[in-house]
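Please examine the sequence and the model shown below. The paragraphs after them lead through pockets, cores, aromatic rings and some individual residues.

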Amino acid sequence: MKYIIANWKMNKTFSESVLFINEFSKKVGNFSSTEVAICPTFLGISAIKKSCDECGIKLGAQNCYFEDKGAFTGEISSEMLKDLGVEYVILGHSERREYFKETNSVINKKIKSALKNELKAIVCVGETREQKDDGQEFSVVKSQLSECLNDIEVKMFKNIIIAYEPVWAIGTGKVVTETDARKMASEIKKFISSEFGIFESCPVLYGGSMNSSNAEKFLKLPEIDGGLIGGASLNVDEFLKITEISEKLSS
Ligand code: PGA
């Protein structure tokens, strides 16, 4: 099973989200071995929900707050997302870390809240260009993992997906080599089983400038369980092609 997850970021108004899903749902076939999810803005979630349900596409959010309710002006809780029929939530994306100053410890609380409310957490990790040039990518990713996943019950790991997104590859058109992607994904899997005692291997997605021209080379790697796709998920035909590549490779 592969996961193809669209991260729309702060793109598409309510009306544009509806247009996308109307066109996408007309063209999309059935998936037997790919789980496709779209993570629109919070407003886009209700816009596309009905059509997603009808064509078997799952819904995700791009963030949540860690408290269930209360005086937290401007925030949305994982409980609220669950109530809306959302199944996935992206947490710890590098843009949230950079622009909204989210730390590993805040991300850890958000993951716990998401898991408590029975959402699947897509936890993003990845190094900067500088860290890679210094040969620190493995230590950076391992420390993000150990802090973000600190103190999470073993039985909860079935609802955790890791997205390896090198910061320097996001939105830049640059991607990691297949060798580096394989090595990192397998290090992440090994680290999670040794650090947290998880025997079933945790799905690891690749993210960072994935598109229909390079998707195959990542999705065919046995260590990579799917993709988290930003820019290329905004166009119906482009996103459709990626889902078809995944379906062809995993069936
Ligand atoms: P990108 O973004 O595909 O536009 O590089 C991926 C992401 O940030 O999740």
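The lining of the largest pocket is made up of eleven nonpolar, six polar and six charged residues. The model is a predicted one, and in it this pocket encloses about 540 Å³ of space. Of its 23 lining residues, Phe42, Gln62, Asn63, Arg96 and Phe100 are the closest to the centre. Two helices, α4 (94-99) and α5 (104-116), each supply at least two residues of this lining. The greatest contribution comes from α4, with three residues. As general background, empty space is revealed by rolling a probe the size of a water molecule over the atoms.

The second largest pocket has a volume of about 220 Å³. It is lined by 16 residues, of which Phe157, Lys158, Asn159, Glu200 and Ser201 are the closest to its centre. Its lining divides by class into ten nonpolar, two polar and four charged residues.

From the pockets, the description turns to the nonpolar cores. The largest of them contains 66 residues, and the members that touch the most others are Ile111, Leu149, Ile162, Ile188 and Ile192. Helix α8 (residues 178-196) gives the most to this core, namely seven residues. A second, separate core has twelve residues, including Ile5, Tyr88, Ile122 and Ile161.

What does isoleucine 192 contact, leaving aside its neighbours within four places in sequence? Its partners are Leu145, Leu149, Phe157, Ile162, Gly197, Ile198 and Cys202. Among these, Leu149 and Ile162 are themselves named with Ile192 as core members that touch the most others, while Phe157 is one of the residues closest to the centre of the second largest pocket.

Helix α8 also holds threonine 179. Is this threonine 179 buried or exposed? Its relative accessibility is 57%, so threonine 179 counts as exposed. Between the C-alpha atoms of threonine 179 and phenylalanine 100 there are 32 Å, and the two residues are 79 residues apart along the chain. Phenylalanine 100 has already appeared among the residues closest to the centre of the largest pocket.

The aromatic rings offer another view of the model. Eight aromatic pairs are present in the structure. One of them joins phenylalanine 20 and phenylalanine 24, whose rings are stacked, with 5.6 Å from centre to centre and 20° between the planes. In general, the distance of the centres and the angle of the planes describe a pair of aromatic rings. Both phenylalanine 20 and phenylalanine 24 belong to helix α1 (residues 14-27), where they are four residues apart, about one turn of the helix. Phenylalanine 20 has a relative accessible area of 3% and is therefore buried. Phenylalanine 24 is likewise buried, at 0% relative accessibility. Ring pairs connect Trp8, Phe20, Phe24 and Phe239 into a cluster.

Trp8 is also one of the residues touched by proline 40. Proline 40 is located in the loop between β2 (34-39) and α2 (42-55). With a relative accessible area of 1%, proline 40 is buried. Apart from residues up to four places away in sequence, proline 40 touches Trp8, Ile45, Ile48, Leu59, Gly60 and Gln62. Glycine 60 lies 20 residues from proline 40 in sequence, and their C-alpha atoms are 7.1 Å apart in space.

Two lysines merit attention for their backbone angles. Most residues other than glycine have a negative phi. Lysine 12, however, has a positive phi of about 75° although it is not a glycine. This lysine 12 is found in the loop between β1 (2-7) and α1. Lysine 101 also has a positive phi, near 55°, and is placed in the loop between α4 and α5. Lysine 101 is exposed, because its relative accessible area is 62% and the exposed class begins over 50%.

A final stop is asparagine 150, in the loop between α7 (137-148) and β6 (160-164). Its relative accessible area of 43% makes asparagine 150 partly exposed. Leaving aside neighbours within four places in sequence, asparagine 150 is in contact with Asn108, Lys112, Leu145 and Phe196. Leucine 91 is 59 residues away from asparagine 150 along the chain, and 14 Å separate their C-alpha atoms.

How values were computed:
Residues are numbered from 1 along each chain as its sequence is written. This is a predicted model: local features need pLDDT of at least 70, side-chain atom pairs count only at pLDDT 80 or more; totals for chains, interfaces and linings use all residues. Side-chain values use heavy atoms; hydrogens and water are left out. A nonpolar core is a set of buried Ala, Val, Leu, Ile, Met, Phe, Trp, Tyr and Cys residues joined through side-chain atoms within 4.5 Å. Buried means under 20% relative accessible area, exposed over 50%, partly exposed in between (1.4 Å probe, protein chains only). Contact means heavy atoms within 4.5 Å. On a 1 Å grid over the protein atoms alone, a cavity is a set of points where a 1.4 Å probe fits but cannot get out, and a pocket is an open set with protein on both sides within 12 Å along at least five of seven lines; lining residues have an atom within 4 Å of a point. Grid points are joined across faces, edges and corners, and a volume is the space filled by probe spheres set on the points. Ala, Val, Leu, Ile, Met, Phe, Trp, Tyr, Cys and Pro count as nonpolar, Asp, Glu, Lys and Arg as charged, and the others, Gly among them, as polar. Rings of Phe, Tyr and Trp (its six-membered ring) pair if their centres lie within 6.5 Å; planes under 30 degrees apart count as stacked, over 60 as edge-to-face and the rest as tilted.
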